[in-house]
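Colleague: I have a structure to go through with you. Can we take it in short questions?

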Amino acid sequence: MVAQRRRPRPVQQQQLRCAVVGGLALLLWGLRWLWPLPWLPGWLLLLIVAWALLELAALMLFPRRWR
């Protein structure tokens, strides 16, 4: 009997992307007091937060179904 390789479900990839982007945004926000991070422009942080919100909205509104 040949074992079939299990592929991750598409929704898992969406959840992973959303978690990575959200974690990156929280990490940047939490570590803004460290030396090089205060020089980051605020629009860059807002852009990352907006990206995280778009990923979350895409996950909630249009989840990729697993067949």
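The questions below go from the overall fold to single residues.

Colleague: Where does this model come from, and how many helices and strands are there in the protein?
Modeller: This is a predicted model. There are zero strands in the protein. The helix count is two.

Colleague: Which residues does each helix span?
Modeller: Helix 1 holds arginine 17 and covers residues 10-30. Helix 2 holds leucine 53. Helix 2 covers residues 42-61.

Colleague: What share of the contacts with a separation of 6 or more is between residues 24 or more positions apart?
Modeller: One pair of this kind is isoleucine 48 and leucine 24, which are 24 residues apart along the chain and touch each other. For the protein, the share is 69%.

Colleague: What percentage of the residues count as buried?
Modeller: The protein has 67 residues. Buried means under 20% relative accessible area. The residues that pass that cut-off make up 19%.

Colleague: How much of the accessible surface belongs to carbon and sulfur atoms?
Modeller: The accessible surface comes to about 6200 Å². The part belonging to carbon and sulfur is 70%.

Colleague: Which residues form the largest nonpolar core?
Modeller: In soluble globular proteins, nonpolar side chains tend to be buried together. Here the largest such core has five residues. Helix 1 and helix 2 each supply at least two of them. The members are Ala25, Leu28, Leu37, Leu45 and Ile48.

Colleague: Is isoleucine 48 buried or exposed?
Modeller: Isoleucine 48 sits in helix 2. Its relative accessible area is 13%. The cut-off for buried is under 20%, so isoleucine 48 is buried.

Colleague: Which residues does isoleucine 48 touch, not counting those up to four places away in sequence?
Modeller: Isoleucine 48 is a member of the largest nonpolar core, as is Ala25. Alanine 25 touches Ile48, along with Leu45 and Val49, on that count. For isoleucine 48, the partners are Val21, Leu24, Ala25 and Leu28.

Colleague: How far apart are the C-alpha atoms of isoleucine 48 and leucine 24?
Modeller: The two residues are 24 residues apart along the chain. Their heavy atoms make contact. The C-alpha separation is 7.9 Å.

Colleague: Which residues form the salt bridge found in the search of the whole structure?
Modeller: The search finds one salt bridge. Its closest N and O atoms are 3.1 Å apart. The cut-off is 4 Å. The pair is arginine 17 and glutamate 55.

Colleague: How many residues apart in sequence are the parts that arginine 17 and glutamate 55 tie together?
Modeller: The salt bridge joins arginine 17 to glutamate 55. Arginine 17 lies in helix 1 and glutamate 55 in helix 2, so the pair ties together parts separated in sequence by 38 residues.

Colleague: How does the salt bridge pair rank in exposure: buried, partly exposed or exposed?
Modeller: Arginine 17 has 36% relative accessibility, so it counts as partly exposed. Glutamate 55 has 12%, so glutamate 55 counts as buried.

Colleague: Which residues is glutamate 55 in contact with, leaving aside neighbours within four places in sequence?
Modeller: Its side chain makes a polar contact with the side chain of arginine 17 at 3.1 Å. Cysteine 18 is also in contact. The list is Arg17 and Cys18.

Colleague: Why does leucine 53 count as exposed?
Modeller: Leucine 53 lies in helix 2. Exposed means over 50% relative accessible area. Leucine 53 counts as exposed because its relative accessibility is 55%.

Colleague: What is the area of the nonpolar surface patch that includes Leu53?
Modeller: Leu53 shares the patch with Val49, Leu56, Met60, Leu61 and Phe62. The patch area is about 650 Å².

Conventions:
Residues are numbered from 1 along each chain as its sequence is written. This is a predicted model: local features need pLDDT of at least 70, side-chain atom pairs count only at pLDDT 80 or more; totals for chains, interfaces and linings use all residues. Side-chain values use heavy atoms; hydrogens and water are left out. Patches are made of residues with over 30% relative accessible area and no salt bridge: like charges are joined within 9 Å, nonpolar side chains (Val, Leu, Ile, Met, Phe, Trp, Tyr) within 5 Å. Accessible areas come from the Shrake-Rupley method with a 1.4 Å probe; for residues, only the protein chains shown count as cover. A salt bridge is a side-chain nitrogen of Lys or Arg within 4 Å of a carboxyl oxygen of Asp or Glu. Helices (H or I, at least four residues) and strands (E, at least two) are DSSP runs, numbered from the N terminus. Buried means under 20% relative accessible area, exposed over 50%, partly exposed in between (1.4 Å probe, protein chains only). Contact means heavy atoms within 4.5 Å. A nonpolar core is a set of buried Ala, Val, Leu, Ile, Met, Phe, Trp, Tyr and Cys residues joined through side-chain atoms within 4.5 Å. A polar contact is a pair of N or O atoms within 3.5 Å; within protein, one must be able to donate a hydrogen and the other to accept it, and residues adjacent in sequence count only if both atoms are side-chain atoms.
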